[in-house]
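Okay, thanks everyone, let me pull this one up on the screen. I'll talk through one helix pair and then one sheet.

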Amino acid sequence: MRVFLIAGEASGDKLGAALMAGLKSLESVEFQGIGGPLMQAEGMVSLFDMDELSVMGLAEIVPKYPHLRRRLHQTAKAVLEARPDVLITIDSPDFCLRVAKLVKAKSDIRTVHYVAPSVWAWRAGRARKMARVVDQVLALLPFEPPYMEAAGVACDFVGHPVVSDRQANAEEIQGFRERHGIEGALWMILPGSRRGEVQRLGSIFSEVVQRVIREKPDLSVVIPTRSNVAPMVREMVEGWPVRPVILDPSETDAETAKAEKRAAFGAADWALAASGTVSLELVAAGTPMVIAYDVNPLSRFIISKMLTIDTLTLVNLVSETRAVPEFNGKRCRPELIAPGMLEVMEAPGAQRAAMELTMQRLGRDGEAPGLRAARAVLARMGHA
């Protein structure tokens with residue numbers, strides 16, 4: 001069986017790698033496509049660097065559009081030449097669904113999209129457009145299949161990968177604290193994994209740190225980063241009243257970096273995080289949080305006109321609560337975020353029930369999501 005996969009960012013690389021492992025456990029498979037280090041470790045040679053596709057925000061895409069367009073046509077051409085049994089695109093819908101459209105226009109190659117678009121939040125028409133070029137959708141969230149099926153596309157809930165992520169044990173957490181000289185309460189700061197996010201949120205988060213540390217001067221701070229933004233994070237923390245522990249994966253081997261990040265999530269008492277799937281990593285680790293996010297002003301204006309929900313935090317959406325405080329768009333301001341953070345620090349248990357419900361609904365204790373996704377793909381192809 002020949003499979004062509006496309007992922008455009010770190011979260012997609014993780015999903016793709018787990019799906020590839022699942023497929024290999026069920027079938028004899030050859031892989032081609034675009035992916036990051038995790039997918040490459042499962043047996044893919046990437047057509048080009050996956051990070052070229054990691055662009056967030058409408059205004060941010062415009063200056064890079066000519067290059068992205070060239071990559072788009074290059075990718076579609078590679079799929080058509082490969083003639084795989086199935087094309088699986090993973091998240092990054094603005095790029096991936098355009099590839100699927102080009103491929104469908106010139107072939108009958110089966111197309112699967114992994115991660116349903118957030119049509120429940122904005123741009124509901126995307127589901128109908130997707131149905132024209134995608135044969136099957138793999139959904140991470142339990143409430144998504146009805147939205148997609150109403151638009152005419154087959155959709156399977158396969159669980160969220162966070163439910164099968166390994167968590168740090170007590171010994172690993174204690175070792176982390178000892179290595180970094182952390183004795184008291186630990187606060188985790190997560191300003192994003194993209195350069196644009198850190199650039200926008202860095203000064204805001206820095207001011208929040210200043211305000212919170214004035215109230216709680218004994219706090220220790222840890223900042224897990226990706227290597228692509230680590231230099232920006234180091235610049236961001238200059239002048240902070242506390243010296244944070246910065247976890248830069250480029251400073252060690254991959255396994256040690258993963259273990260350090262896992263231990264940091266387990267050791268943290270609270271977190272301030274950019275909006276995104278990291279909120280679910282915090283839920284899995286049992287870390288209470290505050291979410292804050294903003295985009296380019298033009299993107300913010302356009303998106304605000306399209307939103308149909310009052311929360312962007314997945315914990316709130318999946319649990320059907322508003323347990324996690326969030327400060328997005330115009331509310332992403334230090335004078336609002338800092339008091340919200342202090343409230344969570346005083347009453348961290350307020351989020352516990354929502355966290356537990358979220359993990360249950362995402363598929364905890366069931367079959368691994370990557371394997372469930374593989375079974376869903378094969379079943380719709382008549383292989384199982």
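So, the crossing of α11 and α12: is it left-handed or right-handed? Right-handed is what comes out for α11 and α12. Keep in mind that this is a predicted model.

To place them for you, α11 covers residues 254-267 and α12 covers residues 278-285. The two pack with their axes 8 Å apart, at an angle of about 70°. Since anything from 65 to 115 degrees counts as roughly perpendicular, that's the label α11 gets relative to α12.

Who's touching whom? On the α11 side you've got Lys261, Phe265 and Gly266, and from α12 they meet Val278, Glu281, Leu282 and Ala285. If you sort the residues of that α11 and α12 contact by type, you get four nonpolar, one polar and two charged.

Okay, on to the sheet. It's an open one with six strands, and the pairing is parallel. Reading across, the order goes β9-β8-β7-β10-β11-β12. Which strands stand at the edges? Those are β9, at 245-247, and β12, at 326-328. Each of them has a single partner strand, so one side of β9 and one side of β12 have no neighbour in the sheet. From one strand to the next, the twist averages 15°.

Let me zoom in on one pair in there. Strand β10, residues 270-274, runs parallel to strand β11, residues 289-293, and they pair over four bridges. If you want a spot to click on, try Ala273, which stands opposite Ile291 in β11.

That's my bit, happy to take questions.

Methods. Residues are numbered from 1 along each chain as its sequence is written. This is a predicted model: local features need pLDDT of at least 70, side-chain atom pairs count only at pLDDT 80 or more; totals for chains, interfaces and linings use all residues. Side-chain values use heavy atoms; hydrogens and water are left out. Axes are lines fitted to C-alpha atoms, for helices over the stretch in contact, and angles run from 0 to 180 degrees between N-to-C directions. Angles under 35 degrees count as roughly parallel, over 145 as roughly antiparallel, 65 to 115 as roughly perpendicular and the rest as oblique. A crossing is left-handed if the near helix is turned anticlockwise from the far one by less than a right angle, and right-handed if clockwise. Contact means heavy atoms within 4.5 Å. Ala, Val, Leu, Ile, Met, Phe, Trp, Tyr, Cys and Pro count as nonpolar, Asp, Glu, Lys and Arg as charged, and the others, Gly among them, as polar. Two strands pair if DSSP finds at least two bridges between them.
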